[in-house]
Amino acid sequence: MRRAQLEKAAANYWYLRGLFLVPLGALCVLSALGNWQVGPLRHPWAFLMLALLLGAGCLPINRYYNDNYGRISPSTSLHVRGAIALVIGVAAILGGSLLLRSRAPWSLDLPVNALAICFAIAMLASYGFGVGLHAHHVVIWGGLLVAGALPVWNGADPSNIGLLAAGIAFAISGLLDHRLFVKTFGPPGRLALEEGDVGA
Amino acid sequence: MSALSEEVPLDRLIHEPGRLAILTVLSSVREADFVFLQRATGLTKGNLSSHLAKLEDAGLVAIEKRFVRRKPNTNIALTAEGRRRIERHWKQLERLRTLGDRA
């Protein structure tokens, strides 16, 4: 009996429901394209409509996980870890991007892609505190961190490229998280739960 | 081994692998439903039901039955007594392991 593995089941369930990251990644890509005013995205209403559609797309994902893998209410410690990760994430994205490269007088104004670095740090912290880093997290988010930190981002503000890269990273990381989730908890539908759990 | 067992008595109700798995998973959440427990422990529906009934009779878990989108949904949480007993049981197992390593 592996105690740690059983105790980690809730954290795995909470953090590895990776399909949620796909619409989030798509939202980042849309934001970048919107900033570049590509096609219909030059109209704010078109961006808003697509963003709402992506938000609505989270409902069937939530239903898929609930129906096939059940529901949990996380423990206080899981909530606390999540809150710490969120605070670090927001601080990293807002503070880090202002510090590394912005118009603020105290900015270091480095030739780096601040947004890519900040998203990568936020996600590495989130996974690190929540469920522990897996190989694909290190490769994807570590890769984004390194790419963003290379001193090649001279010239125009590279934030949009960072947003686009973060969006792609979210989607790929989410799909690989989901694959790990299925490997951990089994393929969907295996339990034949159409009639509810009828348990206990 | 019997001498060790006498020295560190184990809770027989909890020591059964299925029930130990259920209580360990529940100790890491506030509450979980039947489907999640089945996924996390790998037990069959019948086995899980039977173990949960025993744990409920012993006052270690609280079971609430409800309907979610017109389907039955069973929600399970550890009671305070259940939390205390599973923590104590894992400590006992650790002690046994330590004593076994020394022997």
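**Chain B and its contact with chain A**

Hi everyone, let's start with the contacts inside chain B: taking those between residues at least 6 apart in sequence, 53% join residues at least 24 apart. Please keep in mind that this is a predicted model.

So what is chain B made of? Chain B holds 6 helices and 3 strands. If you walk along from the N terminus, the order you meet is α-α-α-β-α-α-β-β-α. For the overall dimensions, the C-alpha trace of chain B spans about 55 × 25 × 20 Å along its principal axes. As for burial, chain B has 103 residues, and 35% of them count as buried.

Now let's turn to the partner. How many residues are in contact between the two chains? On the chain A side there are 23, and they are in contact with 29 residues of chain B. Which elements of chain A give two or more residues to that side? They are α1 (3–7), α2 (9–15) and β1 (72–74). Sorted by character, the chain A residues on the side that touches chain B come out as 13 nonpolar, 6 polar and 4 charged.

One of those elements deserves another look on your screens. Strand β1 of chain A pairs with strand β1 of chain B, residues 29–33, and the pairing is antiparallel, over 3 bridges. If you want a spot to zoom in on, pick P74(A): its bridge partner in β1(B) is V29(B).

To recap for anyone scrolling through the model: the two β1 strands, from chain A and chain B, pair in the antiparallel sense, and 23 residues of chain A are in contact with 29 of chain B. Thanks, everyone!

Methods
Residues numbered from 1 in each chain as written. Chains lettered and ligands numbered in written order. Predicted model: local features only at pLDDT ≥ 70, side-chain atom pairs only at ≥ 80, totals over all residues. Helix = DSSP H or I, 4+ residues; strand = E, 2+ residues; numbered from the N terminus. Buried ≥ 20, exposed ≤ 12 C-beta atoms within 10 Å, placed from the backbone. Contact = placed C-beta atoms within 7 Å. Nonpolar A, V, L, I, M, F, W, Y, C, P; charged D, E, K, R; others polar. Pairing = 2+ DSSP bridges.
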